[in-house]
Amino acid sequence: MQYRELAVPGAYEITPRQFGDSRGVFLEAFKAAVFAEHVGHAFDLQQANCSVSAAGATRGIHFADVPPGQAKYITCLRGAIWDVIVDLRVGSPTFGTWDAVLLDDADRRAVYLPEGLGHAFMALEDDSTVMYLCSTGYNPTGEHGIHPLDPTLAITWPKTDRAGNPITPLLSAKDEAAPSLTEALAANLLPDATKTATHIASLST
């Protein structure tokens with residue numbers, strides 16, 4: 001299992017080693033000791049979510065108040081998604097930057113993002129199935145969004161699906177109504193980098 005830190009500090013791409021034969025494939029999708037070695041603390045699993053999306057479906061950018069925030073460990077069980085992580089930590093040197101990883105059912109990579117970061121993805125195939133391991137349960141009053149097509153962030157979304165057919169982002173009404181990064185900043189909705197770092201440091205004690 002290989003960990004690679006992304007351009008957004010604290011977020012990782014995880015590539016598992018796959019073992020295949022005539023029966024199929026086996027892999028370790030998550031390993032607590034290896035995770036803690038790279039991230040610096042254990043992953044406290046509190047909720048597991050699963051979504052199934054049509055090609056073009058775009059979910060996010062979602063984030064949660066810190067503390068407690070919500071760290072996520074995400075993998076695509078079927079199909080393919082363009083997974084995007086955004087630094088929303090006010091005061092972070094990389095505030096407003098993003099990175100992306102292709103998650104699919106071939107390489108079977110995963111992505112980890114800690115508290116304070118935003119998460120979004122676009123499905124690149126019908127019935128793309130995503131599993132999210134979450135460090136906290138759903139908290140509707142503490143969870144927020146940023147519009148995924150915000151020109152300030154200028155996220156590069158795919159123009160074609162996995163088969164090469166043209167696609168456009170399909171957003172929920174909630175995500176369509178989400179504020180821009182500038183509006184969320186003005187409304188004091190975004191996580192503070194110092195408070196987020198203090199919270200994450202407390203997880204290793």
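This report describes a buried aspartate, a paired strand, an aromatic cluster and the largest pocket of a predicted model.

## Basis of the model

The model is predicted, so that local features need pLDDT of at least 70 and side-chain atom pairs count only at pLDDT 80 or more, whereas totals for chains, interfaces and linings use all residues. Residues are numbered from 1 along each chain as its sequence is written, and side-chain values use heavy atoms, with hydrogens and water left out.

## Asp-104 at the end of strand S9

Asp-104 lies in strand S9, which covers residues 98–104; strands (E, at least two residues) and helices (H or I, at least four) are DSSP runs numbered from the N terminus. Asp-104 counts as buried because its relative accessibility is 7%, where buried means under 20% relative accessible area, exposed over 50% and partly exposed in between, with a 1.4 Å probe and protein chains only.

The side chain of Asp-104 reaches two backbone nitrogens, that of Ala-106 at 3.0 Å and that of Asp-107 at 2.9 Å. Apart from its neighbours within four places in sequence, Asp-104 is in contact (heavy atoms within 4.5 Å) with Cys-76, Gly-79, Ala-80, Arg-109 and Arg-162.

## Strand S10 and its partners

Strand S10 (residues 110–113) is covered on both faces, with Ala-110 and Tyr-112 buried on one side and Val-111 and Leu-113 buried on the other. Two strands pair if DSSP finds at least two bridges between them. S10 pairs in the antiparallel sense with strand S2 (residues 12–15) over three bridges, and Glu-13 stands opposite Val-111. S10 also pairs in the antiparallel sense with strand S7 (residues 72–78), over four bridges, and here Lys-72 has Leu-113 as its bridge partner.

## Aromatic cluster

Tyr-112 belongs to an aromatic cluster together with Phe-30, Phe-35, Phe-43 and Tyr-73. The whole structure holds 10 aromatic pairs, where rings of Phe, Tyr and Trp (its six-membered ring) pair if their centres lie within 6.5 Å, and planes under 30 degrees apart count as stacked, over 60 as edge-to-face and the rest as tilted.

## The largest pocket

The largest pocket holds about 590 Å³ of space. Among the 29 residues that line this pocket, Asn-49, His-62, Lys-72, Tyr-132 and Glu-143 are the closest to its centre. Two or more lining residues come from each of strands S5 (47–53), S6 (58–64), S11 (117–123) and S13 (143–145) and from helix H2 (173–176), and S6 gives the largest share, five residues.

On a 1 Å grid over the protein atoms alone, a pocket is an open set of points where a 1.4 Å probe fits, with protein on both sides within 12 Å along at least five of seven lines, and lining residues have an atom within 4 Å of a point. The volume is the space filled by probe spheres set on the points, which are joined across faces, edges and corners.

How values were computed: A polar contact is a pair of N or O atoms within 3.5 Å; within protein, one must be able to donate a hydrogen and the other to accept it, and residues adjacent in sequence count only if both atoms are side-chain atoms.
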